Amino acid sequence: MTAPKTLARIAGLLYLIVAVFTIFAGLVNTSIVESGNAAATADNIDTSATLFRIGMVSELVGATAFLLTGMALYLLLKHVNQMAAAAMVTFVAVSVAIQSLSLLNQHAALTIATGQVGTGAFGPAGSDQLTLLFAGLQRDGYLIAQTYFGLWLLPLGYLVVKSGYFPKVLGVLLMIGCFGHLVDVFARFLAPDLGANISPFALTLAAVAELSFIAWLLVKAVRVPAPDTRVSTPS
């Protein structure tokens with residue numbers, strides 16, 4: 001049976017991989033895809049095709065690591081509450097499934113922009129619009145997946161609070177981070193301009209919580225109570 005400290009550090013390392021690879025993929029996409037400008041987006045993807053592919057693979061690696069993170073934390077925390085641990089890993093699995101399928105849209109944008117598929121019937125302008133459409137679908141798919149990426153923090157935070165392995169404030173921060181993700185998602189869908197403005201503030205809550213949790217997993221792992229070495233005296 002794997003020791004709790006080992007499981008915690010494995011989860012911390014996997015979670016760090018999620019953060020690094022997913023953030024890198026996001027930076028690649030935002031630097032290449034220009035919202036509302038189909039011609040510029042298609043040209044950027046065509047001229048930076050290798051970087052665009054790397055970004056796509058990076059997001060896939062991050063999604064895979066996220067699923068493994070959920071599994072590691074499930075093994076670490078299932079003894080606290082089986083139902084909460086199952087809910088946590090279910091949210092992770094749904095998020096990863098949506099995120100991974102959305103990468104098909106990114107691949108479609110790449111194949112159209114680089115001329116790997118015939119789109120002559122649409123003309124150059126039509127092909128550019130298709131490229132932007134698929135790039136936008138990938139972005140929206142990721143946003144939908146973010147709903148569940150936020151929701152998993154709620155049972156995780158509860159388990160962190162109840163486990164005794166971590167400071168309770170970490171669990172509270174994680175639960176607050178859940179609502180930060182949800183505010184970002186629904187604001188972006190319901191009021192895109194407002195959502196874009198409040199997104200940095202909403203996601204800061206989640207970022208502080210998750211980075212703090214990653215740091216604790218890697219540095220401290222878990223707090224395991226010291227065994228009671230007192231010798232009992234006969235009465």
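Which helices each supply at least two residues of the nonpolar patch? I looked this up first, keeping in mind that the model is predicted.

**Entry 1. The patch**

I found that helix H1 (4-32) and helix H3 (49-77) each give at least two residues to the nonpolar patch. I listed its members as Leu13, Leu16, Val20, Phe21, Val57 and Val61. Together they have about 470 Å² of accessible area on the surface. H1 contributes the largest share, four residues.

I then took one member, Leu16, which lies in helix H1. I asked whether Leu16 counts as buried or partly exposed. Its relative accessibility is 34%, so I noted Leu16 as partly exposed.

**Entry 2. Aromatic pairs**

How many aromatic pairs does a search of the whole structure find? I got six. I began with Tyr15 and Trp152, whose ring centres are 5.7 Å apart. Their planes stand at 65 degrees, and I entered the pair as edge-to-face because the cut-off for that class is over 60.

I checked where the two residues of this pair sit. Tyr15 is in helix H1, while Trp152 is in the loop between helix H5 (123-151) and helix H6 (153-163). They are 137 residues apart, and I recorded the pair as a link between distant parts of the chain.

I looked up burial next. Tyr15 has 2% relative accessibility and therefore counts as buried. Trp152 has a relative accessible area of 0% and is buried.

Tyr15 also pairs with Phe213: I read 6.4 Å between the ring centres and 75 degrees between the planes, so this pair is edge-to-face. This pair, too, links distant parts of the chain, with Tyr15 in helix H1 and Phe213 in helix H8 (residues 192-219). The separation along the chain is 198 residues. I noted both Tyr15 and Phe213 as buried.

Which residues do ring pairs link into a cluster? I wrote down Tyr15, Phe66, Phe149, Trp152, Tyr165, Phe166 and Phe213.

**Entry 3. Ala206**

I went on to Ala206, which lies in helix H8. Is Ala206 buried or exposed? Its relative accessible area is 1%, so I put Ala206 down as buried.

I asked what Ala206 touches, leaving out residues up to four places away in sequence. The answer was Gly177 and His181. For His181 I also looked up the backbone: the C-alpha atoms of Ala206 and His181 are separated by 6.6 Å. Along the chain these two residues are 25 apart.

**Entry 4. The whole chain**

I ended with the overall figures. How many helices and how many strands does the chain have? I counted eight helices and zero strands. Read from the N terminus, the order of elements is α-α-α-α-α-α-α-α.

I took the box filled by the C-alpha atoms along the principal axes and noted roughly 95 × 35 × 25 Å. Of the 235 residues in the chain, 44% are buried.

For contacts, I considered those with a separation of 6 or more. Residues 24 or more positions apart account for 76% of them. My last entry was the accessible surface of the chain, which comes to about 12,100 Å². Carbon and sulfur atoms hold 70% of that surface.

Methods:
Residues numbered from 1 in each chain as written. Predicted model: local features only at pLDDT ≥ 70, side-chain atom pairs only at ≥ 80, totals over all residues. Heavy atoms only, no water. Patch = residues over 30% accessible without salt bridge, like charges linked within 9 Å, V, L, I, M, F, W, Y side chains within 5 Å. Areas by Shrake-Rupley, 256 points an atom, 1.4 Å probe, with all protein chains shown as cover. Salt bridge = Lys/Arg side-chain N within 4 Å of Asp/Glu carboxyl O. Buried < 20%, exposed > 50% of the residue type's maximum accessible area, 1.4 Å probe, protein only. Phe/Tyr/Trp six-rings, centres within 6.5 Å; stacked < 30°, edge-to-face > 60°. Contact = heavy atoms within 4.5 Å.
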